[in-house]
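Let's walk through this structure together, one piece at a time. Keep the view open beside the text and turn it as we go.

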Amino acid sequence: MIDPLATVRKAFEFTPDQFKALVDGFQQEYELGLTTDSTSIATMIPSYVTRLPTGYEKGTFLALDLGGSTLRVSAVQLLGQGQVNVTEVRRTIAFNDPLRTGSYKAFFDWIADAVEELLSKIDTHTPLSMGICWSFPINQTDISTGTILRMGKGFEIKDIEGKDLNTLCSEAFRRKAILVTVTALMNDTVGVLVAHAYAHPKSRIGFIHGTGVNAAYPEKTSRIPKLKGHTYPPDTEMLINTEIDIFGSEAYLPINAFDRALDASHSQPKFQLYEKMMSGAYLGELTRLAAMELIQNETLFEGNIPKEFEQPWAFSSASTCQIESITSASWEEQQESLKNTVTFNNDYQITQYDYSLLSEIANIISDRAAKLVGGAMASLIEQQKDLLLSTNEPIVIGVNGSVFELYPRMSERIQACLADWFGPDVSKRIDISMAIEGGTIGSALVAMLYQPR
């Protein structure tokens, strides 16, 4: 019997040799990034975080997390034993808000207003330390200093470029007599690793697998030549923000015709090739492209095109996740679940055969995504040779992100890749678990680790 998905299976195949090429390719990118200034290659960025929590720390610390449309300021009460209690103030900033194009003083006064509201909620007048997760480019030169580069994401704040982020926050806090000291600037991926370490002190990798992808790990400072002007004791380790989202080249990635079609329709072609093969921003479009090939030869939906497939990028990764999540349900339950996910302009009704093909396409593509994640994790473990020398220490990986959290069996599929690569003795020590997001808990923990003594 001819397999109707043979072409799709072959296109998204990820062989052991291709897995090895990915691991080797990533390790070469690590070495290049560690030796090249971050202003030339924006990867392997030093965080200046050289400490991790033990899980026993207590106290209240603040976190400020600014993204493209949301500001969150939080008071994180560390309770010990990896437990926390969070009080949060959240504000959104519309795309047409004048703050986006106004003065930097007005913008940071807006931030200070939110901090002031938070402090009134927790009813404290005690000086507190704050960690900042700034989701925009900065040229960081120490744990708490870094100059702001071009922000992007719709922000064109006047005269902000080249100014120190800590200074701008501190001046705004002083204008409102807020007793807060910024003790750390950080990236959310570094925050994931730090936050996971509070509950799992043996944590060695923080990984984000959601709309985007990134990873952080501890690297020996002696192996970071780009750390000019800084001296650390022997064997000091510093958390590195890898920025693996911009890794990847056709030299080692098995890019297929569907990947190329997606890349060609993207606003930034030839950029972030690895991420485009496996993150939540792209799994839906890859599924649509593969399904359209079967629709065009009338194997799927008898040639009828669903409304959700008519335009590029219209079929979401949430939909592919849903399609995979109901494979064990009854046909009646599957029909009910699909009635708003796959719809037609005519009176065509999806059949059980259609669903079996579509769910298998989604599964083939997410299987490859799991292997691509597994390859990145394998390379990060290989980068930390001491992990492989030990025989009984756990290798703890904290993962945050919607794809890892919501896609069926994603954790098990990644674990299977690592078992195939490392064998049973190492793979049985690898503990992959869901991590809390790093922008809040991680920022507060780093603030605690670097508070004035």
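A residue is called exposed when its relative accessible area is over 50%, and buried when that value is under 20%. Bear in mind too that what you are looking at is a predicted model.

With those cut-offs in hand, start at D235, in the loop between strand 10 (213-220) and strand 11 (237-241). Its relative accessibility is 65%, so D235 counts as exposed. The backbone deserves a look as well: D235 has a positive phi, near 70 degrees, and is a residue other than glycine. Most residues other than glycine have a negative phi. A second case of positive phi is E298, at about 65 degrees, and E298 is not a glycine either. You will find E298 in the loop between helix 8 and helix 9. With a relative accessible area of 58%, E298 is exposed.

E298 follows helix 8, which makes that helix a handy next stop. Helix 8 covers residues 283-296, 14 residues in all, and reaches 20 Å from its first C-alpha to its last, close to the 20 Å expected at 1.5 Å a residue. How much of helix 8 is buried? The count is 12 of the 14 residues, so helix 8 is largely enclosed by the rest of the structure. The buried set runs from L283, G284, E285, L286, T287, R288 and L289 through A290, A291 and M292 to L294 and I295. Around them, the packing partners are helix 1 (6-11), helix 6 (257-264), helix 7 (273-276), helix 9 (317-325), helix 11 (352-383) and helix 13 (402-406).

Of these partners, let's follow helix 11. One residue to pick out there is L358, which sits in helix 11. L358 has 0% relative accessibility and therefore counts as buried. What is L358 in contact with, leaving aside its neighbours within four places in sequence? Its contacts are T287, A291, L300, F301, F309, I323 and V342. Two of those names, T287 and A291, are also among the buried residues of helix 8. For a sense of distance, L358 and E412 are 54 residues apart along the chain, and their C-alpha atoms are separated by 22 Å.

L358 also takes part in the meeting of helix 9 and helix 11. The axes of these two helices are 9 Å apart, and the packing angle is about 115 degrees. That angle is why helix 9 is described as roughly perpendicular to helix 11. Their crossing is left-handed. Helix 9 brings T320, I323 and E324 to the contact, while helix 11 brings Y355, L358, S359, A362, N363 and S366. Sorted by class, the contact has four nonpolar, four polar and one charged residues.

Now move along helix 11 to its packing with helix 14 (residues 410-422), where the angle is about 50 degrees and the axes are 8 Å apart. At that angle, helix 11 is oblique to helix 14. Here the crossing is right-handed. From helix 11 the contact uses N363, S366, D367, A370, K371, V373, G374, M377, A378, I381 and E382, and from helix 14 it uses M410, R413, I414, C417, L418, W421 and F422. The residues of this contact divide into 11 nonpolar, three polar and four charged. Notice N363 and S366 here; both also belong to the contact with helix 9.

Helix 11 holds one more residue to visit, S379. Its relative accessible area is 0%, so S379 is buried. Beyond its neighbours within four places in sequence, S379 is in contact with V23, F26, Q27 and Y30.

To finish, turn to another pair: helix 3 (residues 104-122) and helix 4 (residues 165-175). These helices pack at about 65 degrees, with their axes 9 Å apart. The crossing of helix 3 and helix 4 is right-handed. On the helix 3 side you will see Y104, K105, F108, D109, A112 and V115, which meet L165, L168, C169, A172, F173 and R175 of helix 4. By class, this contact has nine nonpolar, no polar and three charged residues.

Key. Residues are numbered from 1 along each chain as its sequence is written. This is a predicted model: local features need pLDDT of at least 70, side-chain atom pairs count only at pLDDT 80 or more; totals for chains, interfaces and linings use all residues. Side-chain values use heavy atoms; hydrogens and water are left out. Helices (H or I, at least four residues) and strands (E, at least two) are DSSP runs, numbered from the N terminus. The expected span of a helix is 1.5 Å times one less than its number of residues. Buried means under 20% relative accessible area, exposed over 50%, partly exposed in between (1.4 Å probe, protein chains only). Contact means heavy atoms within 4.5 Å. Axes are lines fitted to C-alpha atoms, for helices over the stretch in contact, and angles run from 0 to 180 degrees between N-to-C directions. Angles under 35 degrees count as roughly parallel, over 145 as roughly antiparallel, 65 to 115 as roughly perpendicular and the rest as oblique. A crossing is left-handed if the near helix is turned anticlockwise from the far one by less than a right angle, and right-handed if clockwise. Ala, Val, Leu, Ile, Met, Phe, Trp, Tyr, Cys and Pro count as nonpolar, Asp, Glu, Lys and Arg as charged, and the others, Gly among them, as polar.
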